[in-house]
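Got the viewer open? Here is a short tour that says what to select at each stop and what you will find there.

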Amino acid sequence: MGTILLAATVAQLPADLVGPRISAQRETLRLIWPQGMQLFTNSAGREFIVAYHYDEPAGTFVPITRTAGDRGYLHGLDRRSYADLSRLLATVDALPDDHWRDCAAATVTDCAAVITKAPKLPLNSYFPPDVPCGPTAFTVEHPSRDTTARHVVRVAVVDLQCAPR
């Protein structure tokens with residue numbers, strides 16, 4: 001155990017102290033060691049895409065997507081979160097860049113004026129059958145360093161077309 005601790009400590013030292021060979025091994029290890037990935041570091045500088053079903057008559061937004069640590073995903077132990085994330089990204093990748101609208105707000109509800117004026121692009125839904133189709137708002141959100149809440153930066157409105165099942 002002590003040998004592993006010593007090797008891990010030496011690998012973290014600057015390159016001019018340990019040499020280029022150990023530094024190269026450290027950089028290779030960072031590619032596969034998850035704690036060095038951007039998901040775990042610099043989360044305040046990241047963007048998160050969230051999908052909301054928009055109930056137009058009521059003016060409410062119901063989240064479609066959940067974080068990987070959500071209770072429904074057994075706090076990160078259930079790997080269905082990866083499939084849901086890939087569905088979300090496949091849907092968002094179909095959005096043209098010029099369809100996004102700027103909206104700096106604390107919540108998606110605060111962007112309701114922008115959302116009602118934004119054009120609705122018809123898109124095929126890649127979400128599971130239990131996710132409602134129809135008006136959907138995608139938001140790009142940034143975490144706040146001061147609070148646990150994220151803030152909306154951009155929104156895009158689509159009309160999700162349910163795929164035949």
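Before we start, one cut-off to keep handy: a residue counts as buried under 20% relative accessible area, as exposed over 50%, and as partly exposed in between. That is why R87, with 28% relative accessibility, goes down as partly exposed. Also bear in mind that you are looking at a predicted model.

**Stop 1: the whole chain**

Show everything as a cartoon. You should find 5 helices and 6 strands. Follow the chain from its start and the order reads α-α-α-β-β-α-β-α-β-β-β.

Now try colouring by burial. Of the 165 residues in the protein, 28% are buried. Switch on the surface and you have about 10,800 Å² of accessible area, with 59% of it belonging to carbon and sulfur atoms. As for how the chain comes together, take the contacts between residues at least 6 apart in sequence: 62% of them join residues at least 24 apart.

**Stop 2: a salt bridge inside one helix**

Opposite charges are our next theme. Side chains of opposite charge can pair when their charged atoms come close. How many salt bridges does the count come to? The count is 2, and we'll visit each in turn.

Select D84 and R87 and show their side chains. They meet in a salt bridge, 2.7 Å from N to O. Both sit in helix α4 (residues 80-93); because they are 3 residues apart there, about one helical turn separates them. D84 is partly exposed, at 22% relative accessibility.

**Stop 3: what else R87 touches**

Keep R87 selected and look beyond helix α4, where R87 is found. Which residues does R87 touch, leaving out those up to four places away in sequence? The answer is Y126, F127 and P128. Draw a line between the C-alpha atoms of R87 and Y126: it spans 5.3 Å, although the two are 39 residues apart in sequence.

Next, centre on P128. You'll find P128 in the loop between β4 (121-124) and β5 (134-143). P128 is partly exposed, with a relative accessible area of 22%. For another distance, go from P128 back to D84: the C-alpha atoms are 8.3 Å apart, with these positions 44 residues apart along the chain.

**Stop 4: the second largest pocket**

Stay around P128, since this residue also belongs to our next stop. Rolling a probe the size of a water molecule over the atoms shows where empty space is left. The second largest pocket has a volume of about 240 Å³. Its lining is made up of 14 residues, and those nearest the centre are I64, T65, P128, D130 and V131. Colour β2 (60-63) and α4 as well, as these are the elements that give two or more residues to the lining.

What classes of residue make up that lining? Sorted by class, there are 8 nonpolar, 2 polar and 4 charged residues.

**Stop 5: a salt bridge between distant parts of the chain**

Now select R154 and E47. Their side chains form a salt bridge, with 3.7 Å from N to O. This pair links distant parts of the chain, 107 residues apart: R154 is in strand β6 (residues 150-161), while E47 is in the loop between α3 (20-32) and β1 (48-55). Are these two buried or partly exposed? R154 is partly exposed, at a relative accessible area of 25%, and E47 is partly exposed too, at 38%.

**Stop 6: E56 and its contacts**

For the last stop, pick E56, in the loop between β1 and β2. E56 counts as partly exposed, at 42% relative accessibility. Leave out residues up to four places away in sequence, and E56 touches K120 and P135. Finally, add G134 to your selection: its C-alpha atom is 9.9 Å from that of E56, and the two residues are 78 apart along the chain.

How values were computed
Residues are numbered from 1 along each chain as its sequence is written. This is a predicted model: local features need pLDDT of at least 70, side-chain atom pairs count only at pLDDT 80 or more; totals for chains, interfaces and linings use all residues. Side-chain values use heavy atoms; hydrogens and water are left out. Helices (H or I, at least four residues) and strands (E, at least two) are DSSP runs, numbered from the N terminus. Buried means under 20% relative accessible area, exposed over 50%, partly exposed in between (1.4 Å probe, protein chains only). Contact means heavy atoms within 4.5 Å. Accessible areas come from the Shrake-Rupley method with a 1.4 Å probe; for residues, only the protein chains shown count as cover. A salt bridge is a side-chain nitrogen of Lys or Arg within 4 Å of a carboxyl oxygen of Asp or Glu. On a 1 Å grid over the protein atoms alone, a cavity is a set of points where a 1.4 Å probe fits but cannot get out, and a pocket is an open set with protein on both sides within 12 Å along at least five of seven lines; lining residues have an atom within 4 Å of a point. Grid points are joined across faces, edges and corners, and a volume is the space filled by probe spheres set on the points. Ala, Val, Leu, Ile, Met, Phe, Trp, Tyr, Cys and Pro count as nonpolar, Asp, Glu, Lys and Arg as charged, and the others, Gly among them, as polar.
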